[in-house]
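Work through the exercises below with the sequence and the model open. Each task is followed by a solution in steps.

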Amino acid sequence: MVDLVKVFGISTNSGNLNIILPVGISFYTFQTLSYSIDVYRKRLKPASSFLDFALFVAFFPQLVAGPIERASHLLPQIYNTRVINWNRFSQGIYLILLGLFKKVVIADGAAPLVDSVFNSSESQTGINIAVSCCLFAIQIYGDFAGYSDVARGVAKTLGFDFMVNFNTPYFSCNPQEFWKRWHISLSTWLRDYLYISLGGNKGSQISLYRNLMLTMILGGLWHGASFNFLLWGFYQGICLCTHRIMTAQKNAHHTILRLKILTPVKIGIFFVVTCYGWLLFRAQSFQQISQFTFALCRNWQLASLNIEMPARSFIWGLPILMLLDTVQYLRVGDEQFQFSWPLPSRVILYTVMFLLILIGASNAPVEFIYFQF
């Protein structure tokens with residue numbers, strides 16, 4: 001808010017209440033809210049045991065950073081007898097390995113390069129900012145999807161199934177598809193308990209756009225009471241409204257855009273749109289957003305690129321992650337596709353991932369981004 005009032009030429013100091021909040025408070029707050037709302041709407045029967053309810057709220061794998069589990073999905077698993085077999089256990093171990101790979105190799109490998117641009121007080125060229133935004137897109141995906149995979153893997157080894165929280169989000173062609181693939185537990189929560197409660201797509205078009213904007217702005221503020229999160233939510237709302245307007249136009253040009261041959265082009269264009277959104281998310285002030293946005297419009301000579309080379313583990317690991325996500329996308333979200341591979345192929349994949357994790361562990365450790373939420 002301090003940055004916001006500075007835009008209008010007002011100087012103020014930020015207050016500090018010195019309140020220490022529990023890590024991950026927003027995640028289990030949303031989880032308990034969904035339980036309370038579902039019970040109030042009589043869509044769910046209250047838990048018969050306080051211990052069962054306490055386990056639902058405080059189950060440790062997803063307590064810190066999600067996924068945001070619904071009571072209708074997790075409570076029946078708590079009530080019922082859980083079966084742990086080799087197939088389930090091996091799937092859980094693979095998810096843990098994949099999550100550590102995404103976090104240690106990909107996210108932590110990209111973090112120093114992203115910080116060198118966003119934390120620098122020096123002016124940056126357009127190409128530096130563009131590259132750092134792309135790297136941050138990869139970093140936040142590896143960071144958050146990595147945690148979700150580890151949480152799901154640990155839960156699976158204990159006999160629980162958590163919902164899939166990420167499904168190859170950077171293969172999205174539009175914002176509507178993106179929010180069906182990115183942080184699915186949050187996007188579906190906002191849809192079911194906020195967007196639909198506001199009226200959803202019922203009523204006039206103005207009401208629909210209002211509901212979309214309010215949902216995404218509040219979704220941005222869920223990440224924190226900061227100007228950049230508010231602006232990021234507003235940007236996401238604008239993207240969704242624009243997509244709604246475009247898809248509502250039934251003309252020949254739009255029909256051509258539906259052809260599958262243009263899918264890679266649409267994916268590439270929307271990835272650029274997504275990366276600018278991550279600039280708003282990662283920026284430290286409104287002034288930095290303004291400076292970086294202006295710089296993106298000029299000085300795109302390749303010779304002006306002066307970002308250091310990524311960590312060796314990141315360079316080797318990124319093609320593997322891209323391969324895994326590409327196969328999963330082509331297999332329509334089948335994240336267990338590698339279990340259909342011959343055993344030698346799987347052993348090679350697991351060994352390479354494990355070795356890259358060991359190499360990446362030598363880098364400076366970086367806290368999970370979503371721990372602050």
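**Exercise 1.** Which helices each supply at least two residues of the lining of the second largest cavity?

*Solution.* The coordinates come from a predicted model. Start with the residues: Pro175, Tyr235, Gln236, Cys239, Phe270, Val273 and Thr274 line the second largest cavity. Then assign them to helices: H10 and helix H12 (263-282) each give at least two residues to this lining. The space enclosed is about 30 Å³. By character, the lining has five nonpolar residues, two polar and no charged.

**Exercise 2.** Describe helix H10, its span and its buried residues.

*Solution.* H10 covers residues 227-248, 22 residues in total. From first C-alpha to last it reaches 32 Å, close to the 32 Å expected at 1.5 Å a residue. Next, list the buried positions: Phe227, Asn228, Phe229, Trp232, Gly233, Tyr235, Gln236, Gly237, Cys239, Leu240, Cys241 and His243. Tyr235, Gln236 and Cys239, buried in H10, also belong to the lining of the second largest cavity.

**Exercise 3.** Characterise the largest cavity and the residues around it.

*Solution.* Searching the whole structure gives two cavities of 30 Å³ or more. The largest holds about 170 Å³ of space. It is lined by 17 residues, and those closest to its centre are Leu98, Lys102, Asp149, Gln328 and Glu335. Helix H5 (86-118), helix H6 (126-157) and helix H14 (312-330) each contribute at least two lining residues. H6 has the largest share, with five residues. Sorted by character, the lining comprises eight nonpolar, four polar and five charged residues.

**Exercise 4.** Why does Cys133 form no disulfide with Cys275?

*Solution.* First, the search of the whole structure returns zero disulfides. Second, take the cut-off: the two sulfur atoms of a disulfide must lie within 2.5 Å. Third, compare: the closest cysteine sulfur to that of Cys133 is in Cys275, at 6.7 Å, so the pair is too far apart for a bond.

**Exercise 5.** Are Cys133 and Cys173 buried or exposed?

*Solution.* The cut-off for buried is under 20% relative accessible area. Cys133 has 5%, so Cys133 is buried. Cys173 has 18% and therefore also counts as buried.

**Exercise 6.** Where in the chain is confidence lowest, and where is it highest?

*Solution.* Take the chain first: its mean pLDDT is 84, with 86% of residues at 70 or more. Confidence is lowest in helix H11 (residues 252-257), with a mean of 49. Helix H7 (residues 175-181) has the highest, at 94. Predicted coordinates should not be read in detail where pLDDT is low.

Terms used
Residues are numbered from 1 along each chain as its sequence is written. This is a predicted model: local features need pLDDT of at least 70, side-chain atom pairs count only at pLDDT 80 or more; totals for chains, interfaces and linings use all residues. Side-chain values use heavy atoms; hydrogens and water are left out. Helices (H or I, at least four residues) and strands (E, at least two) are DSSP runs, numbered from the N terminus. The expected span of a helix is 1.5 Å times one less than its number of residues. Buried means under 20% relative accessible area, exposed over 50%, partly exposed in between (1.4 Å probe, protein chains only). pLDDT is the predictor's confidence in each residue, from 0 to 100. On a 1 Å grid over the protein atoms alone, a cavity is a set of points where a 1.4 Å probe fits but cannot get out, and a pocket is an open set with protein on both sides within 12 Å along at least five of seven lines; lining residues have an atom within 4 Å of a point. Grid points are joined across faces, edges and corners, and a volume is the space filled by probe spheres set on the points. Ala, Val, Leu, Ile, Met, Phe, Trp, Tyr, Cys and Pro count as nonpolar, Asp, Glu, Lys and Arg as charged, and the others, Gly among them, as polar.
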